[in-house]
Amino acid sequence: MRKVVMAEYIWIDGQKPTAKLRSKMKVVEAEAIRSVTDLPDWSFDGSSTYQAEGKKSDLLLRPVRYLPNPLKPGTPDVLVLCEVMNPDGSPHWSNTRAPLRAVAERCAAEEPWFGLEQEYTLFEGNRPLGWPDKGFPAPQGGYYCGVGSDEVFGRKLVEAHAEACLRAGLRLCGTNAEVMPAQWEFQVGPLSPLEVSDELWLARWLLYRMGEEYGISATLHPKPVKGDWNGTGCHTNFSTKSMREPGGIKVIEAACEKLRERHDAHIQVYGAHNVERLTGLHETAPITVFRYGVSDRGSSIRIPLQTANEGKGYFEDRRPAANCDPYEVCRIMLETVCG
Ligand code: ADP
Ligand code: MN
Ligand code: MN
Ligand code: MN
């Protein structure tokens, strides 16, 4: 009997303004994968993923992390997260993980932790899941953390996804139904910058893949329904060792002042179409404004009440959109706060 592992190689493409996930399956001759070095480099056609021209289109996939494939229990099959490399082995321009690697190494002594809140919206065809054929559901108010088939759409997928993430060893730490019907959230962390970003991308891949089984697609568009409906974000919670120690609130306030100086640079990498979401309504601050405050969900940066009370902890950057690239978000946060 041939001993093989089916390895799903996952990478991020070069679509603009928002990169998307791609994957393809490689049969690896092995009984099991015991280290990332058991997974060979592979190649793909970059001209089909907005990453290369037609003539010299081969790019490299370099495995950086693997997980047991939670959709194939009882098999040695794995999910493999890859960085995209040029044929000479240098990082490709679309590879945003490589720059984060360098920055994270420089900042490692400060022990940065990130926790990401990934919001998303489930769609069936061209309508949010469970929305009526014509017109709109009842206005927002009862849906956030709701229960009951008139309030909540898609829970079966949401629960299956959470279970799959945990079975795969991803550090998911919670889920909730969001303010707009068919809108949901899961949280990952707290983790180091590379871990949290890798795990967010892998959790996104699982969400899309599992949606196929249900005929449901998930979108990360920051404003999937125009009008009086909440947008979709990726709140980024952050702390360093000195923020988590007594007196850390002073370090947090100093960080907020640094973030004020670099507001525009951050907005640049906080996701496309975010201007539709950061309006000043629906628990956001306008995109042109920077303000921070304790417990203030209309601010750019919220200092949780518990952090203010204890004088130490973490802060929440509420600006990143759901479709942000966590490698870029973590990189700029580290550059601004620790750099
Ligand atoms: P919210 O009240 O904003 O909805 P959530 O409970 O959804 O908050 O998310 C809180 C996030 O904060 C989680 O992702 C968690 O991992 C993260 N978090 C908790 N403690 C820390 C910390 N010390 N540093 C960074 N992130 C943290
Ligand atoms: Mn949340
Ligand atoms: Mn939320
Ligand atoms: Mn939040």
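# Helix packing and manganese sites

Trainee: Which residues in helix 3 do Lys156, Leu157, Ala160, His161, Ala164 and Cys165 in helix 2 meet?

Mentor: Helices here are DSSP runs (H or I, at least four residues), and strands likewise (E, at least two), numbered from the N terminus. Contact means heavy atoms within 4.5 Å. By that test the six helix 2 residues you list meet Ala203, Leu206, Leu207, Met210, Gly211 and Tyr214.

Trainee: What pLDDT do local features need in this predicted model?

Mentor: Residues are numbered from 1 along each chain as its sequence is written, chains are lettered from A and ligands numbered from 1 in the order written, and side-chain values use heavy atoms, with hydrogens and water left out. In this predicted model, totals for chains, interfaces and linings use all residues, side-chain atom pairs count only at pLDDT 80 or more, and local features need pLDDT of at least 70.

Trainee: Are helix 2 and helix 3 parallel or oblique to each other?

Mentor: Axes are lines fitted to C-alpha atoms, for helices over the stretch in contact, and angles run from 0 to 180 degrees between N-to-C directions. The axes of helix 2 (residues 155-167) and helix 3 (residues 193-214) come within 10 Å and cross at roughly 135°. Angles under 35 degrees count as roughly parallel, over 145 as roughly antiparallel, 65 to 115 as roughly perpendicular, and the rest as oblique. So the term for helix 2 and helix 3 is oblique.

Trainee: How many residues of the contact of helix 2 with helix 3 are nonpolar?

Mentor: Ala, Val, Leu, Ile, Met, Phe, Trp, Tyr, Cys and Pro count as nonpolar, Asp, Glu, Lys and Arg as charged, and the others, Gly among them, as polar. Helix 2 passes helix 3 in a right-handed crossing (near helix turned clockwise from the far one by less than a right angle; anticlockwise is left-handed). One residue of the contact is charged, two are polar, and the nonpolar ones number nine.

Trainee: How many charged residues lie in the contact of helix 1 with helix 8?

Mentor: Helix 1 (residues 97-107) and helix 8 (residues 326-337) pack at about 35°, with axes 9 Å apart, in a left-handed crossing. Helix 1 brings Arg97, Pro99, Leu100, Val103, Ala104 and Cys107, while helix 8 brings Tyr327, Cys330, Arg331, Leu334 and Glu335. The contact has eight nonpolar residues and no polar ones, and the charged residues number three.

Trainee: Is helix 1 roughly parallel or roughly antiparallel to helix 3?

Mentor: The axes of helix 1 and helix 3 come within 9 Å and cross at roughly 155°. Therefore helix 1 and helix 3 are roughly antiparallel.

Trainee: Which helices are among the elements that cover the buried residues of helix 1?

Mentor: Buried means under 20% relative accessible area, exposed over 50%, partly exposed in between (1.4 Å probe, protein chains only). In helix 1 the buried residues are Arg97, Ala98, Leu100, Val103, Ala104 and Cys107. Their cover includes strand 4 (58-68), strand 5 (78-85), and two helices, helix 3 and helix 8.

Trainee: How many residues apart are Glu119 and Glu178?

Mentor: Both coordinate the manganese ion (ligand 3), along with Glu185, at 2.1 to 2.2 Å. Donors are N, O and S atoms within 2.8 Å of the metal (3.2 Å for Na, K and Ca); water is not among the atoms, so sites may look incomplete. The donor spacing is E-x58-E-x6-E. Glu119 sits in strand 6 (residues 113-124) and Glu178 in the loop between strand 8 (172-177) and strand 9 (183-191), so the chain separation is 59 residues.

Trainee: Which residue coordinates both the manganese ion (ligand 3) and the manganese ion (ligand 2)?

Mentor: The two ions are 3.7 Å apart. The residue that coordinates both is Glu185.

Trainee: Which residue bridges the manganese ion (ligand 4) and the manganese ion (ligand 2)?

Mentor: The manganese ion (ligand 4) is coordinated by Glu117, His235 and Glu316, at 2.0 to 2.5 Å. Ligand 4 and ligand 2 lie 3.8 Å apart, and the bridge is Glu117.

Trainee: Is Glu316 buried or exposed?

Mentor: Glu316 has 1% relative accessibility. Because that value is under the 20% cut-off, Glu316 counts as buried.
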